[in-house]
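Subject: Structure for your review

Dear colleague,

Please find below the structure that I am handing over to you. I would be grateful if you would read the notes that follow beside it.

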Amino acid sequence: WSPRGADRFYNLAQSGYFTDIAFFRVLDGFVAQFGIHGDPKVNQAWRLATIQDDAVKQRNQRGSIVFAKTGQPHSRSVQFFINFQDNFGLDNQGFSPFGRVVEGMSVVDSLHSGYGEGGPGGRGPSQDRIEQEGNPYLKRAFPKLDYIQRAVVQE
């Protein structure tokens, strides 16, 4: 569906990137976002490592896994989200799903959403502070966040 996106996700998983990664933006009825690393040095290394956009070939339906991006072309890097519901409005905004949760969506549904949108506009974590301070900031200020312990690639 999204070959560049799938390749980046695969390589991140293969390299061990997804170890102790927080779901830092969980918005009921919308998305659960993750991907900023808990180690600021790792964030610095990946900060500008963007990939080209992929055409949208699948809908942003419940359970699809998608790269987060800015409004700029080719701005996908290491942040992702899982759709809690059908978010078809994201299709024509260039959000290209590259995978789908096929088992365990109930776990995604149970992620802590009490912090809401991130700062400075919301009560949730500031993405800038996560990048700069990492997991010590998150675990101190947002102790109810859920984390990916580790992700592995199985052939």
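The notes below cover salt bridges, aromatic groups and one loop residue.

Please keep in mind that this is a predicted model.

Salt bridges

The count of salt bridges comes to nine. One of them joins the side chains of K139 and D20, with an N to O distance of 3.1 Å. Because K139 belongs to helix α5 (residues 135–141) and D20 to strand β1 (residues 19–27), this pair ties together parts that are 119 residues apart in sequence. K139 is partly exposed, at 41% relative accessible area, and D20 is also partly exposed, at 28%.

A further salt bridge is formed by the side chains of E131 and R47, at 2.2 Å from N to O. Here, too, distant parts of the chain are linked: E131 is in helix α4, while R47 is in the loop between α2 (40–46) and β3 (64–67), 84 residues apart. R47 has a relative accessible area of 46% and is therefore partly exposed.

R59 and D91 also meet through their side chains in a salt bridge, at 2.4 Å from N to O. R59 lies in the loop between α2 and β3, and D91 in the loop between β4 (80–83) and β5 (97–100), so this pair ties together parts that are 32 residues apart in sequence. R59 is partly exposed, at 42% relative accessibility, whereas D91 is buried, at 12%. In addition, R4, D54 and R76 are joined into one network by salt bridges that share partners.

Aromatic groups

The whole structure holds 15 aromatic pairs. In one of them, the ring centres of Y137 and F142 are 5.7 Å apart and the ring planes stand at 80°, so the pair is edge-to-face. Both rings belong to buried residues: Y137 has a relative accessible area of 4%, and F142 has 8%. One aromatic cluster is made up of F9, Y17, F18, F23, F34, W46, F67, F80 and F98.

Within that cluster, F67 has the charged end of R76 over its ring, 5.1 Å from the centre. Similarly, K69 lies over the face of F95, at 5.0 Å from the ring centre.

A loop residue

S126 is located in the loop between α3 (105–109) and α4 (127–133). Is this residue buried or exposed? Its relative accessibility is 17%, which means that S126 counts as buried. Apart from neighbours within four places in sequence, S126 is in contact with G119 and Y137.

Yours sincerely

Notes. Residues numbered from 1 in each chain as written. Predicted model: local features only at pLDDT ≥ 70, side-chain atom pairs only at ≥ 80, totals over all residues. Heavy atoms only, no water. Helix = DSSP H or I, 4+ residues; strand = E, 2+ residues; numbered from the N terminus. Buried < 20%, exposed > 50% of the residue type's maximum accessible area, 1.4 Å probe, protein only. Contact = heavy atoms within 4.5 Å. Phe/Tyr/Trp six-rings, centres within 6.5 Å; stacked < 30°, edge-to-face > 60°. Lys NZ or Arg CZ within 6 Å of the ring centre and 35° of its normal. Salt bridge = Lys/Arg side-chain N within 4 Å of Asp/Glu carboxyl O.
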